[in-house]
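Let's take a walk through this one, going from a pair of packed helices to the open spaces and then to an enclosed one. Have the viewer open as you read.

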Amino acid sequence: GGERGGGKSDFQLGFQEDGALRYGHAWRGLVTRKTYPELEELQSRAMQIFTASGGIFKSQPSASYPYSNSWYWPSGASVKMRFIENEKDYGRYHGHSYTGFSGDEITEYATPSGIMKILSTLRSPEGVPCCARFTGNPGGAGHGWVKTRYIDPCPPMTPYKDPETGFTRMFVPSRLSDNQILLRSDPLYR
């Protein structure tokens with residue numbers, strides 16, 4: 001989390017691409033944003049990143065590609081691009097299985113309930129280590145809960161084992177200065 005322009009969305013897409021290339025057919029990724037228009041912007045960036053590694057996008061399902069609005073790699077890996085606007089949208093994912101979940105811009109959610117429910121879909125019958133990655137900028141409706149859950153428990157870059165769940169999480173700060181490509185390409189962005 002952190003400054004705009006730090007590369008957080010690219011980080012999410014890279015996480016999914018790495019999983020697809022590393023685990024092949026066993027990788028089932030899910031990338032979400034809060035609304036469909038926000039997802040379109042992320043999808044545009046995925047077109048630039050995923051195609052370089054052989055990913056192809058399918059907007060409609062078919063016999064060979066069973067999910068709509070999803071990316072597929074020759075290995076059989078898949079990444080769905082979806083939106084979750086509120087807690088009741090979780091119902092669309094109940095019973096699904098994913099190995100990697102990318103929640104982009106989670107500070108847009110006033111409460112964590114819908115996003116946290118999605119974590120119950122992380123499972124792998126093939127032994128892929130399941131993981132969720134969340135990104136967000138300061139501010140927004142969910143700034144308070146995100147700060148309390150991810151930033152306050154310990155210093156940045158320090159793994160924190162949640163005593164309640166046993167899961168480990170870590171806050172990784174993102175700064176514009178981390179994104180040297182953007183700064184070189186658009187020096188006036190700051």
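The crossing of α1 and α2 is right-handed. This is a predicted model, so treat what follows as a reading of that model. Two packed helices are described by the angle between their axes and the distance between those axes. Here, α1 covers residues 8-23 and α2 covers residues 36-50, and the two pack at an angle of about 50 degrees with their axes 10 Å apart. Angles under 35 degrees count as roughly parallel and those from 65 to 115 as roughly perpendicular; α1 and α2 are therefore oblique to each other.

Who does the touching? On the α1 side, the contact is made by S9, D10, L13, Q16 and E17. Facing them from α2 are L42, R45, A46, I49 and F50. Sort the residues of this contact by class and you get 5 nonpolar, 2 polar and 3 charged.

Helix α1 also turns up in the pockets, so keep it in view while moving on to the second largest one. Both α1 and α5 (180-185) supply at least two residues each to the lining of that pocket. Its volume is about 560 Å³. The lining counts 22 residues, and the ones nearest the centre are G5, G6, G7, K8 and S9. You've met S9 already, as part of the α1 contact with α2. By class, the lining of the second largest pocket has 3 nonpolar, 11 polar and 8 charged residues.

Now for the largest pocket, which holds about 1100 Å³ of space. Of its 36 lining residues, A132, R133, F134, Y150 and M170 are the closest to the centre. Helix α1 contributes here too: α1, β6 (131-134), α4 (143-151) and β8 (168-169) each supply at least two residues of the lining. The largest share comes from α4, with 6 residues. As for the chemistry of the wall, the lining of the largest pocket divides into 18 nonpolar, 12 polar and 6 charged residues.

Finally, how many cavities of 30 Å³ or more does the structure hold? There is 1, and about 40 Å³ of space lies in it. Its lining is made of R149, Y150, P153, C154, T158, Y160, R169, M170 and F171. Two of these names should ring a bell: Y150 and M170 line the cavity, and Y150 and M170 are also among the residues closest to the centre of the largest pocket. By class, the cavity lining has 6 nonpolar, 1 polar and 2 charged residues.

Note on methods. Residues numbered from 1 in each chain as written. Predicted model: local features only at pLDDT ≥ 70, side-chain atom pairs only at ≥ 80, totals over all residues. Heavy atoms only, no water. Axes fitted to C-alpha atoms, helices over the stretch in contact; angles between N-to-C directions. Helix = DSSP H or I, 4+ residues; strand = E, 2+ residues; numbered from the N terminus. Parallel < 35°, antiparallel > 145°, perpendicular 65-115°, else oblique. Left-handed = near helix turned anticlockwise from the far one by under 90°. Contact = heavy atoms within 4.5 Å. Nonpolar A, V, L, I, M, F, W, Y, C, P; charged D, E, K, R; others polar. 1 Å grid on protein atoms, 1.4 Å probe; cavity = no way out; pocket = protein on both sides within 12 Å on 5 of 7 lines; lining within 4 Å. Points joined across faces, edges and corners; volume = space filled by probe spheres on them.
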